[in-house]
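Let's walk through this structure together, one part at a time. Keep the 3D view open and turn it as you read.

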Amino acid sequence: MPLTAIRTFGSSELGDDSPRATGAAVDARGRLLVADNRRVFAYDASGACVAQNEYAEAIWSVATTATNRWYGVRGGVLEADIDGRIVAEMRDRQQLGRVTAVIALDDVLIVSDATHRVLAAYSRDGRRLRDIGRDVNTRGFMIPNGTLDAAHDPTDDTICVAHSQKHRVERYRADGAYLGAWGRFGMADPADFGGCCNPTNIAVSPSGLIAVSEKAPSQTKIYTRDGQFLAATAPGEFADESKNIALAFADDEALYAVEPQTRRIHLFSLVALEVHAS
Amino acid sequence: MSVSNSPHDAPSDRRQFLQRAGRTAGAAALIGVGGALGRRACIQDAWAIDPNQCINIRLGVTGSDRVCDVCATSCVLPLSAVRAVNDHGQCGRCCICPAYFDVRSPVGPDGLPSKKLCPRDAIERRVIGDVDPYDPLNNFYEYVVDDEKCNGCGLCVMECKDPAGLGSIRLEVRYDLCLRCNRCTIASDCPEEAYVRVGPQAAPAAQLEGG
């Protein structure tokens with residue numbers, strides 16, 4: 001049974017003058033945060049835009065914790081309160097490029113650097129602690145799409161990475177230990193990742209389900225934590241030209257998918273499909 | 001030299017003079033028009049492909065099943081003057097390149113598609129640097145188009161088109177091969193008018209004024 005959106009909204013607030021919408025996360029109030037160039041929009045569950053923040057620089061990724069927001073920017077990470085006011089900055093302009101994913105753990109920030117194609121762990125005060133994945137991917141993460149996306153699995157505190165050119169999902173511990181990978185290239189089996197470089201984006205649900213998005217054809221798929229394929233969106237759910245579809249899970253396992261080019265936001269309910277993590 | 005003083009000879013001389021003058025003027029006009037036309041079809045003019053109008057390069061959706069092969073089939077030359085060109089600065093150097101491989105073909109034991117996309121085998125795949133012996137996917141590849149085999153059919157361009165690929169492969173007119181036909185058959189057959197004449201002179205009018 002295909003994954004079907006129960007609601008589609010957005011696009012009217014997200015600006016035509018922006019390159020594209022990037023980054024999505026759900027905050028502690030259940031609001032979807034969407035980054036669009038220098039602005040971050042907050043949507044409630046009905047799809048209404050309830051808040052908007054504007055910043056001095058482009059926001060490439062969004063993450064949330066119980067009380068804060070985290071924005072990935074070029075050369076660093078911004079920390080904001082739950083209403084979007086900047087309270088701190090972590091900068092490493094020498095070593096950090098465009099940060100396309102942020103994971104805020106207790107005392108460590110895990111950032112995806114799409115410019116240098118590396119996953120890195122930083123202390124909150126900006127000290128680079130270690131690179132993650134270098135020993136497995138000796139030539140760096142291979143990301144022709146220009147986005148390196150990673151997500152935190154709250155069930156075991158591990159990091160899942162969408163490695164697009166290798167057509168697989170990789171899992172790491174926060175200390176950098178490599179835990180394994182699943183996925184392979186293929187165009188026939190819906191469980192496989194097709195084309196030159198998929199999956200492009202990734203999110204992990206509170207129960208450990210893994211959602212990935214793909215391009216050409218544009219779609220979203222759901223897997224168990226070990227890579228067992230569960231469901232995919234039907235053809236036509238997303239626009240043909242969509243790629244780097246940002247994903248975010250809410251606490252009730254609802255999945256948001258944001259199309260960067262059309263700026264449409266899709267809401268999926270996994271509960272309705274009776275999808276369970278194994 | 002004889003000089004005619006007869007009044008009966010004057011009209012004949014005048015007629016001959018006028019005839020001679022008329023022929024000279026007509027010849028000069030023909031030479032002038034020919035020169036003008038020749039200048040417009042000179043080496044300073046060239047045919048080019050507008051990527052934003054070309055179905056294969058940027059216009060419309062991706063997919064080799066929708067490829068337009070007019071550049072390959074309409075050129076008057078036995079092997080079209082159009083070639084696929086890969087911009088290596090834009091290329092992702094992917095292990096599984098949809099412009100090189102037929103990604104819909106069965107996957108072989110090496111995890112790669114078993115067939116190539118190009119019907120003329122005009123793309124060469126070269127590994128960049130040393131091959132990683134432990135992870136076959138941990139390599140970058142350079143994709144180079146063989147000019148002598150490529151006929152500009154557009155299949156690879158279509159598969160490389162955004163969003164499937166990065167759009168690094170495009171079709172271009174080879175000016176050292178193009179005959180610069182005044183009435184280019186590719187331009188005439190192009191469904192999207194993507195084949196345009198460029199040059200220092202304005203293109204000649206397609207119709208005479210007054211219809």
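The paragraphs below go from one chain to its core, then to the other chain, the salt bridges and the interface.

Before anything else, please keep in mind that this is a predicted model. A good place to begin is chain B, whose secondary structure comes to 4 helices and 6 strands. If you trace the sequence of chain B from its start, these elements come in the order α-β-α-β-β-β-α-β-α-β. Chain B has 211 residues, and 36% of them are buried. Now think about how chain B folds back on itself: among its contacts with a separation of 6 or more, 68% are between residues 24 or more positions apart.

Next, look inside. The largest nonpolar core has 40 residues, and those that touch the most other members are I49(B), V82(B), A84(B), L171(B), I186(B) and Y195(B). Several elements of chain B each give at least two residues to this core: β1 (46-49), α2 (70-73), β2 (82-86), β4 (140-145), α3 (155-160), β5 (169-173) and α4 (185-189). Y195(B) is a handy residue to click on here. Setting aside neighbours within four places in sequence, the contacts of Y195(B) include W47(B), A48(B) and I49(B), along with C71(B), V82(B) and V173(B). Y195(B) also touches C184(B), I186(B), A187(B) and C190(B).

A second core, separate from that one, has 18 residues, including I103(A), V108(A), F141(A) and Y172(A). Let's stay with Y172(A), which sits in strand β16 (residues 168-173) of chain A. Is Y172(A) buried or exposed? Its relative accessible area is 0%, so Y172(A) counts as buried. Beyond its neighbours within four places in sequence, Y172(A) is in contact with residues including I132(A), V136(A), F141(A), I159(A), V161(A) and L179(A). Y172(A) also has a polar partner, since its side chain makes a polar contact of 3.2 Å with the side chain of N137(A). For a sense of scale, pick R93(A), 79 residues from Y172(A) along the chain: the C-alpha atoms of the two are separated by 25 Å.

Another residue of chain A worth a visit is N201(A), in strand β18 (residues 201-204). N201(A) has a relative accessibility of 5%, so it counts as buried. The side chain of N201(A) is joined to that of D149(A) by a polar contact of 3.4 Å. Around N201(A), not counting residues up to four places away in sequence, you will also find T147(A), A162(A), A211(A), V212(A) and S213(A), among others. The stretch N244(A), I245(A), A246(A) and L247(A) touches N201(A) too.

Now for the charged pairs. Over all chains, the structure holds 31 salt bridges. One of them joins R263(A) and D36(A), with the closest N and O atoms 3.4 Å apart. R263(A) lies in the loop between β23 (254-258) and β24 (264-269) of chain A while D36(A) is in strand β3 (residues 32-36), so this pair ties together parts that are 227 residues apart in sequence. R263(A) is buried at 7% relative accessibility, and D36(A) is buried with a relative accessible area of 0%.

For another setting, go to D175(A) and R173(A), whose salt bridge has its closest N and O atoms 3.1 Å apart. Here D175(A) is partly exposed, with a relative accessible area of 44%, and R173(A) is partly exposed at 41%.

Chain B offers a pair of its own, as R104(B) and E159(B) meet in a salt bridge of 3.4 Å, N to O. R104(B) is in the loop between β2 and β3 (123-128) and E159(B) in helix α3, so the pair links distant parts of chain B, 55 residues apart. R104(B) counts as exposed at 52% relative accessibility, whereas E159(B) is buried at 3%. Back in chain A, salt bridges with shared partners join D153(A), D156(A), R171(A), R225(A) and D226(A) into one network.

Finally, turn to where the two chains meet. Chain A brings 22 residues to the contact and chain B brings 24 residues. Between them an area of about 1,800 Å² is buried, with 59% of it from carbon and sulfur atoms. How many salt bridges cross this interface? The rule finds 3. In one that you can display, D162(B) pairs with K243(A), with the closest N and O atoms 2.4 Å apart. There are also 10 residue pairs in polar contact across the interface. On the side of chain A that touches chain B, 7 residues are nonpolar, 7 are polar and 8 are charged.

Definitions and conventions. Residues are numbered from 1 along each chain as its sequence is written. Chains are lettered from A and ligands numbered from 1 in the order in which they are written. This is a predicted model: local features need pLDDT of at least 70, side-chain atom pairs count only at pLDDT 80 or more; totals for chains, interfaces and linings use all residues. Side-chain values use heavy atoms; hydrogens and water are left out. Contact means heavy atoms within 4.5 Å. Buried area is the accessible area (1.4 Å probe) that two parts lose on being put together, summed over both. A salt bridge is a side-chain nitrogen of Lys or Arg within 4 Å of a carboxyl oxygen of Asp or Glu. A polar contact is a pair of N or O atoms within 3.5 Å; within protein, one must be able to donate a hydrogen and the other to accept it, and residues adjacent in sequence count only if both atoms are side-chain atoms. Ala, Val, Leu, Ile, Met, Phe, Trp, Tyr, Cys and Pro count as nonpolar, Asp, Glu, Lys and Arg as charged, and the others, Gly among them, as polar. Buried means under 20% relative accessible area, exposed over 50%, partly exposed in between (1.4 Å probe, protein chains only). A nonpolar core is a set of buried Ala, Val, Leu, Ile, Met, Phe, Trp, Tyr and Cys residues joined through side-chain atoms within 4.5 Å.
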